[in-house]
Amino acid sequence: AALLHNPHNPRSPWRFPHAGPPRSIRENAMMAGAQSVLYRVSLDRVVSLHRTLPKREFRAWRVAFSANGGYLAYGGDSDEVWLWSLSDRKYVGPFKAAAKPIIAVAFSPDGKLLAAAGGGGAVRVFSVPDGRTVATLKAHIRLATAVDFSPDGQFLATAGTDRAIRIWDLKSYKVQKTFKHPNISVWALRFSPDGRLIATAGWK
């Protein structure tokens, strides 16, 4: 089951069924095997099926909405990133990533860029919606596992199983700073709203 926590009543979350593994629950969109499911949730605790996207021949793991709600991007165990236009109700793409699988996807704050991280430690940045490759970053050893754009859109943070967190300048696409976690592989990271902090999570 997927839980959506209500900040006004934290002891009573909304619960609704989900067929996929726990790791596939991200960003208010659910990936049930190779099928993408969007749910609409209202404050009266009603959860209704909003739309089921057409099936793709791969297992979808990660999803992200653009900030304006115009696009949903997702990737999984293939080397393709799919972009779904929520207004036109059709696919744009696919975008060819550097390698498979796709472990993480993220939109820039203005929705004009989409970053995909995954196999071979690579992170590829695409322009939206045309899918042009803007940059391919050899960001990490083995797997690149997490990506996030800074709120001002000037930097991209990446993380990987090599325990490194790197901050990239989006004008030059060069590394500005590298942090090394002492004992865990980082599988999630997020900028704070003011862009001054980065939170990370992972496991040994």
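## Strands and pairing in a predicted model

Two strands are said to pair if DSSP finds at least two bridges between them. In this predicted model, strand β16, which covers residues 155-160, and strand β17, which covers residues 164-169, satisfy that condition with five bridges in the antiparallel sense. Within this pairing, Phe-155 stands opposite Asp-169 of β17.

## The protein as a whole

The protein has 20 strands and zero helices. Of its 204 residues, 47% count as buried, and its accessible surface comes to about 10,700 Å², with carbon and sulfur atoms accounting for 51% of that area. Among the contacts with a separation of 6 or more, 35% join residues that lie 24 or more positions apart.

## Confidence in the model

The mean pLDDT of the protein is 78, and 71% of the residues reach 70 or more. Over residues 16-35, however, the pLDDT is below 50, although this stretch has 61 contacts in the model beyond near neighbours in sequence. The pLDDT is also below 50 over residues 39-49, a stretch for which the model shows 24 contacts beyond near neighbours in sequence.

## Strands β8, β9 and β10

Strand β8, made up of residues 71-76, pairs with β9 in the antiparallel sense over five bridges, and a hairpin is formed by β8 and β9 with three residues between them. One of the bridges in this pairing joins Tyr-71 to Ser-85 of β9.

On from there, β9 pairs with strand β10, residues 90-96, again in the antiparallel sense and over five bridges, with Val-81 standing opposite Phe-95 in β10. These two strands, β9 and β10, also form a hairpin, here with four residues between them, and Arg-89 in the turn has a positive phi of about 55 degrees. How far is β9 enclosed by the rest of the structure? Five of the six residues of this strand, which spans residues 80-85, are buried, so β9 is largely enclosed.

## The sheet from β11 to β14

Four strands form an open sheet with antiparallel pairing, and their order is β11-β12-β13-β14. At the edges stand β11 (102-107) and β14 (133-138), each of which has a single partner strand, so one side of each is left without a neighbour in the sheet. From one strand to the next, the twist averages 15 degrees. The pairing of β11 with strand β12, residues 113-118, is antiparallel and runs over five bridges, and the bridge partner of Ile-102 in β12 is Gly-118.

Thr-136 has its place in strand β14. This residue has a relative accessibility of 42%, and because partly exposed covers the range between 20% and 50%, Thr-136 counts as partly exposed. Leaving aside neighbours within four places in sequence, Thr-136 is in contact with Ala-98, Val-123 and Arg-124. With Arg-124 there is also a polar contact between the two side chains, at 2.9 Å. Phe-126 lies ten residues from Thr-136 along the chain, and the C-alpha atoms of these two residues are separated by 9.0 Å.

## The sheet from β15 to β18

An open sheet of four strands, with antiparallel pairing, has the order β15-β16-β17-β18. Its edge strands are β15 and β18 (174-180), each of which pairs on one side only, and the twist averages 20 degrees from one strand to the next. The five-bridge pairing of β16 and β17 described at the outset belongs to the strands listed here.

Asp-148 has its place in strand β15, which covers residues 144-149. Is Asp-148 buried or exposed? Its relative accessibility is 10%, and because residues under 20% are classed as buried, Asp-148 counts as buried. A polar atom of the Asp-148 side chain lies 2.8 Å from the backbone nitrogen of Phe-191. Beyond neighbours within four places in sequence, Asp-148 is in contact with a set of residues that includes Ala-106, Phe-155, Leu-156 and Ala-157, as well as Leu-189, Arg-190 and Phe-191.

Notes
Residues are numbered from 1 along each chain as its sequence is written. This is a predicted model: local features need pLDDT of at least 70, side-chain atom pairs count only at pLDDT 80 or more; totals for chains, interfaces and linings use all residues. Side-chain values use heavy atoms; hydrogens and water are left out. Buried means under 20% relative accessible area, exposed over 50%, partly exposed in between (1.4 Å probe, protein chains only). Contact means heavy atoms within 4.5 Å. Accessible areas come from the Shrake-Rupley method with a 1.4 Å probe; for residues, only the protein chains shown count as cover. Axes are lines fitted to C-alpha atoms, for helices over the stretch in contact, and angles run from 0 to 180 degrees between N-to-C directions. A polar contact is a pair of N or O atoms within 3.5 Å; within protein, one must be able to donate a hydrogen and the other to accept it, and residues adjacent in sequence count only if both atoms are side-chain atoms. pLDDT is the predictor's confidence in each residue, from 0 to 100.
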